[in-house]
Amino acid sequence: MDDKYYMQQALREARKAFDDGEVPVGAVVVMSDKIIGKGYNQVERLNDCTAHAEMIALTSAFNYLGSKYLMEATLYVTLEPCLMCAGALYWSKIGRIVYAARDDKHSYRKVAGDTSPFHPKTKLEQGPCEEESLQLVKTFFAQRRP
């Protein structure tokens, strides 16, 4: 299994959000070739502005491991993390973050600029499935803002 496989699993989560009327972002946390956490945006469902895909996937992984640190794990997320999620990822000490598509409007870069808000040992990279992720987001907003 490779980055594309795990990003496709994150896209499956994003489609759940889409089907629920949520901004379609999905995430999975992988450690030792096993998905140990997954989530999708549930802000509307839970009436909670912090219920982003990354936050839900992190909580699921923490509960699975019984630990608050994910140094050996990788987060696959369909859209570049916002500043709130970047902060949670910092504190988790996650080893690697792979995102499918950039988010020039709401990503952590909007506030942090070129300063990385992630843990110094965290590797950040743009990965596969960029077009699928962007298309899902564009379709979602096109349906809501005609």
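In strand S5 (residues 123-126), glutamate 125 is the bridge partner of valine 98. This is a predicted model, in which local features need pLDDT of at least 70, side-chain atom pairs count only at pLDDT 80 or more, and totals for chains, interfaces and linings use all residues. Residues are numbered from 1 along each chain as its sequence is written, and side-chain values use heavy atoms, leaving out hydrogens and water.

**Around strand S4**

Valine 98 has a partner in strand S3 too: tyrosine 76 stands opposite valine 98 in S4. S3 covers residues 74-79 and runs parallel to S4, joined to S4 by 5 bridges. S4 also pairs with S5 in the parallel sense, here over 4 bridges. Two strands pair if DSSP finds at least two bridges between them. Helices (H or I, at least four residues) and strands (E, at least two) are DSSP runs, numbered from the N terminus.

How many of the residues of strand S4 are buried? The count is 6 of the 6, so S4 (residues 96-101) is largely enclosed by the rest of the structure. Buried means under 20% relative accessible area, exposed over 50%, and partly exposed in between, with a 1.4 Å probe and protein chains only. From S3 the chain crosses to S4 through helix H4 (residues 83-92), and this β-α-β crossover is right-handed. That term applies if, with the strands pointing away from the viewer, the path from the first strand over the helix to the second runs clockwise.

**Two residues and their contacts**

Threonine 78 lies in strand S3. Threonine 78 is buried, with a relative accessible area of 1%. Its contacts (heavy atoms within 4.5 Å), leaving aside neighbours within four places in sequence, include Met7, Leu11, Val25, Ala100, Ala101 and Ser133.

Histidine 52 sits in the loop between helix H2 (43-46) and helix H3 (53-65). Not counting residues up to four places away in sequence, histidine 52 touches Asn41, Val43, Cys82, Met84 and Cys85. From C-alpha to C-alpha, histidine 52 and valine 25 are 7.8 Å apart in space, though 27 residues apart in sequence.

**Cysteines**

A disulfide is a covalent bond between the sulfur atoms of two cysteines. Here the term is a pair of cysteine sulfur atoms within 2.5 Å. The whole structure has 0 disulfides. Two cysteines are set out below.

| Cysteine | Nearest cysteine sulfur | Relative accessible area |
|---|---|---|
| Cysteine 49 | Cysteine 82, 9.7 Å | 60%, exposed |
| Cysteine 129 | Cysteine 85, 20 Å | 7%, buried |

**The chain as a whole**

The protein chain has 6 helices and 5 strands. Along the sequence they follow the pattern α-β-β-α-α-β-α-β-α-β-α. The radius of gyration is 14 Å, close to the 15 Å that the globule rule gives for 146 residues, so the chain is as compact as a globular protein of that length. This radius is taken over C-alpha atoms, and the rule is 2.2 Å times the number of residues to the power 0.38. The C-alpha trace spans about 45 × 30 × 30 Å along its principal axes.

Of the 146 residues, 45% count as buried. Among contacts between residues at least 6 apart in sequence, 61% join residues at least 24 apart. The accessible surface comes to about 7,900 Å², of which 50% belongs to carbon and sulfur atoms. Accessible areas come from the Shrake-Rupley method with a 1.4 Å probe; for residues, only the protein chains shown count as cover.
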